[in-house]
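Visitor: I should like to learn how to read the features of a structural model. Please take them one at a time, with the general idea before the particular case.

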Amino acid sequence: MAVKRTGKGKDDQVGYVTKKCPECYAYVKMEAEVCPYCKTKIGKVGPHGMAVRKVDWKSYLTFGVALVALVIYLWWAFFSK
Ligand SMILES: [Zn+2]
């Protein structure tokens, strides 16, 4: 009976028990939705064991609104004199 040993440690197990954070490349739990190291929102595991980056529409929207407000402010500051 041959026991196949290809390596040492958990990384060689069949199937993933961890996924890799796309932001800081740390291994995080499979069920984690936020990376505990860099606080990036992460989704399901993709190919190569890398977690899919979750699109955070709320922060995009907040950023967009802030940008528009800034542009309006700049426009007002320069052209209302
Ligand atoms: Zn991370």
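Visitor: Is K39 buried or exposed, and how many other C-beta atoms lie within 10 Å?

Guide: In this predicted model, one counts the C-beta atoms around a residue, and a count of 12 or fewer marks it as exposed. K39 has 10 such neighbours within 10 Å, and is therefore exposed. As for its place in the chain, K39 sits in the loop that links β2 (27-29) and β3 (42-45).

Visitor: What is the phi of K39?

Guide: Most residues other than glycine have a negative phi. K39 is not a glycine, yet its phi is positive, at about 65 degrees.

Visitor: Which phi does H48 take, and where is H48 placed?

Guide: H48 belongs to the hairpin of β3 and β4, where five residues stand between the strands, and its phi is positive, near 70 degrees. H48 is not a glycine either. With 8 other C-beta atoms within 10 Å, H48 counts as exposed because the limit for that class is 12.

Visitor: How do β3 and β4 run, and how many bridges join them?

Guide: The pairing of strands is read from the bridges between them. Here β3 and β4 run antiparallel and are joined by two bridges. Within this arrangement, V45 faces A51 of β4.

Visitor: Which residues form the largest nonpolar core?

Guide: Such a core gathers buried residues of nonpolar type. The largest one has five members, namely C21, V28, C35, I42 and A51. C21 shows how the members meet: beyond its neighbours within four places in sequence, its contacts include V28, C35, I42 and A51, and also A26, Y37, C38 and T40. Over the protein chain of 81 residues, 7% are buried.

Visitor: How many residues of α1 are buried?

Guide: The number buried is zero among the 23 residues of α1, so this helix lies largely in the open. Helix α1 covers residues 57-79 and reaches 32 Å from its first C-alpha to its last, close to the 33 Å expected at 1.5 Å a residue.

Visitor: What pattern does the protein chain follow along the sequence?

Guide: The order is β-β-β-β-α, with one helix and four strands in total. Of the contacts between residues at least 6 apart in sequence, 22% join residues at least 24 apart.

Terms used. Residues numbered from 1 in each chain as written. Predicted model: local features only at pLDDT ≥ 70, side-chain atom pairs only at ≥ 80, totals over all residues. Core = buried A, V, L, I, M, F, W, Y, C linked by C-beta atoms within 7 Å. Buried ≥ 20, exposed ≤ 12 C-beta atoms within 10 Å, placed from the backbone. Contact = placed C-beta atoms within 7 Å. Expected span 1.5 Å × (residues − 1).
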